[in-house]
There are 2 protein chains.
Amino acid sequence: MVVKNKANITIADVAKKAGVSKTTISRYLNGKFEFMSDESKSRIQEVIEELNFRPNKLARSLKSSKSRLIGVLISDISNPFFSILVQGISDTCNQHGYHVLVANTNNATAKEQEYILSMIDQRVEGFIVNTTGFNTEFLREIEDNYVPIVLADRPVFSDTFDTVKSDDQQATMDIIHYLAAKGFSRVGFFSEPILNVGTRIIRQQTYRQACKEILRIEPQEYEVGVKEKEKAQRFAREFVSRNEGYKKVIFTANGLTMLTMLEAIHALGLRMPEDVAICGFENWPWMEFVGSSGITAISLPSYEIGVECVNRIMLRLEATTKIKPVTIKLPTKLNIRGSTE
Amino acid sequence: MVVKNKANITIADVAKKAGVSKTTISRYLNGKFEFMSDESKSRIQEVIEELNFRPNKLARSLKSSKSRLIGVLISDISNPFFSILVQGISDTCNQHGYHVLVANTNNATAKEQEYILSMIDQRVEGFIVNTTGFNTEFLREIEDNYVPIVLADRPVFSDTFDTVKSDDQQATMDIIHYLAAKGFSRVGFFSEPILNVGTRIIRQQTYRQACKEILRIEPQEYEVGVKEKEKAQRFAREFVSRNEGYKKVIFTANGLTMLTMLEAIHALGLRMPEDVAICGFENWPWMEFVGSSGITAISLPSYEIGVECVNRIMLRLEATTKIKPVTIKLPTKLNIRGSTE
DNA sequence: CTGAAAGCGCTAACAT
DNA sequence: ATGTTAGCGCTTTCAG
């Protein structure tokens with residue numbers, strides 16, 4: 001029988017039964033044993049176990065304004081990248097004795113605001129936000145007036161927030177160096193048409209830089225949404241014919257775009273890498289056996305990003321002085337497979 | 001400026017400024033306008049907007065023992081099946097004005113207990129549990145003494161819990177009927193060696209039943225863990241040679257096992273479906289273009305399971321009388337592709 | 001070493 | 001139609 005505090009035992013019941021005051025119980029619960037007699041201590045412990053007493057966190061929180069809750073806002077939790085991020089966040093928070101309040105914003109700016117405000121009403125102690133990108137001012141106000149915020153994965157172009165993300169510049173330069181060495185003289189950048197997502201922007205800008213510095217070509221960029229199957233096929237065809245005679249590769253900015261383009265390639269009956277090669281951001285287990293010998297892809301440190309986000313929040317919660325915001329870039333890994341042979 | 005309740009405005013401040021009592025403010029906040037003058041009402045509204053007042057949910061919760069929080073325990077949130085489930089749960093809870101406290105149990109029985117107890121301390125109003133399977137007694141105690149529980153996806157063999165899951169019996173019978181009609185006389189059941197997970201057990205039992213009633217063969221069952229690459233290859237080879245001369249198909253009990261076996265098939269250089277066919281539970285986008293023409297797979301209603309779980313909880317929270325526990329089985333869909341041609 | 005009492009912000013029974 | 005008052009369960013001065 002693990003459970004039996006049916007009667008809603010409170011600190012007062014424990015105090016009465018132990019023959020001490022509520023204060024002493026409170027001290028016991030908070031580990032303030034310095035000036036407590038050993039008798040009291042062991043007596044209290046006995047009674048607590050006997051009554052199966054567990055303190056009401058709501059009451060504690062109300063009194064202390066410390067809820068031991070972290071608010072987590074995720075743009076799309078069904079995306080494995082983000083669910084692993086949440087796993088990292090959740091596991092680490094739990095280790096610190098915190099719980100996470102998770103909400104799915106579905107990339108909607110208004111929902112992001114609404115949920116954040118509502119979580120503040122619950123007195124969360126901090127936020128980890130995978131932001132939609134349109135709430136920079138709002139987030140700054142929250143951070144200024146309430147609790148710390150760490151941005152997960154998606155930066156905003158303002159250095160006032162702690163940000164934890166993958167090192168996308170490095171990753172992009174690395175993969176393009178690799179592609180160039182393999183003889184791919186034409187690299188097309190394929191991404192989702194989502195405005196304002198810092199991650200995409202950084203990958204795209206680094207791609208452009210790499211086009212100039214490494215490949216010495218004009219960038220070839222395509223924006224295609226997840227549901228736009230026809231457009232994806234048109235773009236694939238266009239990219240292939242436009243670069244006739246060159247070794248060419250489709251470079252996708254994220255896992256969803258990879259899926260979109262793989263579908264198109266499959267539908268068009270193109271061979272990888274003979275007709276067109278492919279590679280991109282986000283590495284998933286199934287990529288090992290798609291095509292004749294797998295898809296070249298960049299592993300992102302999703303779990304570790306989650307862990308670091310929590311570490312930053314905890315740092316700020318413990319800090320007594322202001323801490324300067326930093327951007328933490330975690331290393332990625334390039335997995336080379338047959339799709340870029 | 002959306003935010004500016006820096007000074008922690010309380011109901012008392014609003015009352016003072018509006019020239020009424022705290023009670024009236026409280027009534028206003030709770031929509032008890034029946035006996036309130038229109039002057040008071042509009043005056044209060046003004047002041048609330050002016051001061052940007054938002055009620056402290058912690059205080060409300062302490063008073064009412066209603067936290068507007070639902071606890072969600074997930075065995076492995078990095079698994080897309082579960083992350084979509086969480087999405088369904090989270091979206092639906094938010095629609096009802098609830099937030100979700102999410103914890104990842106990593107299939108650990110002790111963690112499941114620990115997090116549940118801790119969430120009770122936070123006064124969550126209900127639980128949605130994707131249980132490890134070893135906490136039946138514990139969960140029953142929680143439900144008896146505290147708050148409603150709904151089991152998501154994984155049933156336990158006890159009819160005392162509300163359970164929401166996919167209709168695995170139907171799905172299994174359907175796919176085996178389909179396979180039999182296609183001429184597959186040998187079907188092997190491949191699953192993870194996890195004990196006590198109701199979902200696996202049901203799929204396996206139905207498979208056995210189908211072996212008897214439809215295929216009229218002895219069941220051929222293999223248990224292989226996600227990391228056991230060699231074992232997977234051994235089993236694949238064994239299954240193929242054992243059923244030499246028959247049309248045979250590997251039937252995987254979940255997405256992870258599908259990945260494990262695809263890897264093995266790929267490593268062994270087996271052709272699908274010529275050397276061995278494959279199909280299984282869980283349908284993902286990438287399955288459309290693995291192999292020459294996709295993988296046959298069963299779509300599971302993950303999101304809808306999440307939605308229904310919340311509906312059940314809400315039903316219980318609103319109910320005044322005891323509600324009889326039910327098991328809700330949601331329909332699946334068979335996606336036929338080239339791997340079972 | 002311990003306790004009395006005040007109060008966190010809100011709600012609700014009981015007045016009026 | 002509105003206010004007074006007493007808590008919800010805990011923490012924390014302040015006083016012994």
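How far is a phosphate oxygen of DNA strand C from an N or O atom in the side chain of Ser37(A)? The answer is 2.9 Å. Keep in mind that this is a predicted model. Two topics are covered here: the protein surface around DNA strand C, and a pair of helices in chain A.

**Phosphate contacts on DNA strand C**
- Ser37(A) has company from chain B: a polar side-chain atom of Arg60(B) sits 2.7 Å from a phosphate oxygen of the strand.
- Ile11(B) uses its backbone instead, with a polar atom there 2.4 Å from a phosphate oxygen.
- Ile11(B) also turns up among the residues that come nearest to the strand, along with Thr24(A), Arg27(A), Ser40(A) and Lys63(A).

**The surface near DNA strand C**
- There are 26 residues around the strand, and they split into eight nonpolar, ten polar and eight charged.
- Helices α2 (22–29) and α4 (57–64) of chain A, plus α2 (22–29) and α4 (57–64) of chain B, each chip in at least two residues.
- The top contributor is α2(B), with four residues.
- Looking from the DNA side, 55% of the strand's atoms within 4 Å of the protein belong to sugar or phosphate, and the rest to bases.

**Helices α5 and α12 of chain A**
- The axes of α5 (residues 80–95) and α12 (residues 302–318) come within 7 Å and cross at roughly 40°, so the two helices are oblique to each other.
- The crossing of α5(A) past α12(A) is right-handed.
- Residues of α5(A) in this contact include Phe81(A), Ile84(A) and Leu85(A), while α12(A) brings Tyr303(A), Ile305(A) and Val307(A), among others.
- By type, the contact residues come to nine nonpolar, six polar and one charged.

Definitions and conventions: Residues numbered from 1 in each chain as written. Chains lettered and ligands numbered in written order. Predicted model: local features only at pLDDT ≥ 70, side-chain atom pairs only at ≥ 80, totals over all residues. Heavy atoms only, no water. Near = heavy atom within 4 Å. Polar contact = N/O pair within 3.5 Å; in protein donor to acceptor, adjacent residues only side chain to side chain. Nonpolar A, V, L, I, M, F, W, Y, C, P; charged D, E, K, R; others polar. Axes fitted to C-alpha atoms, helices over the stretch in contact; angles between N-to-C directions. Parallel < 35°, antiparallel > 145°, perpendicular 65-115°, else oblique. Left-handed = near helix turned anticlockwise from the far one by under 90°. Contact = heavy atoms within 4.5 Å.
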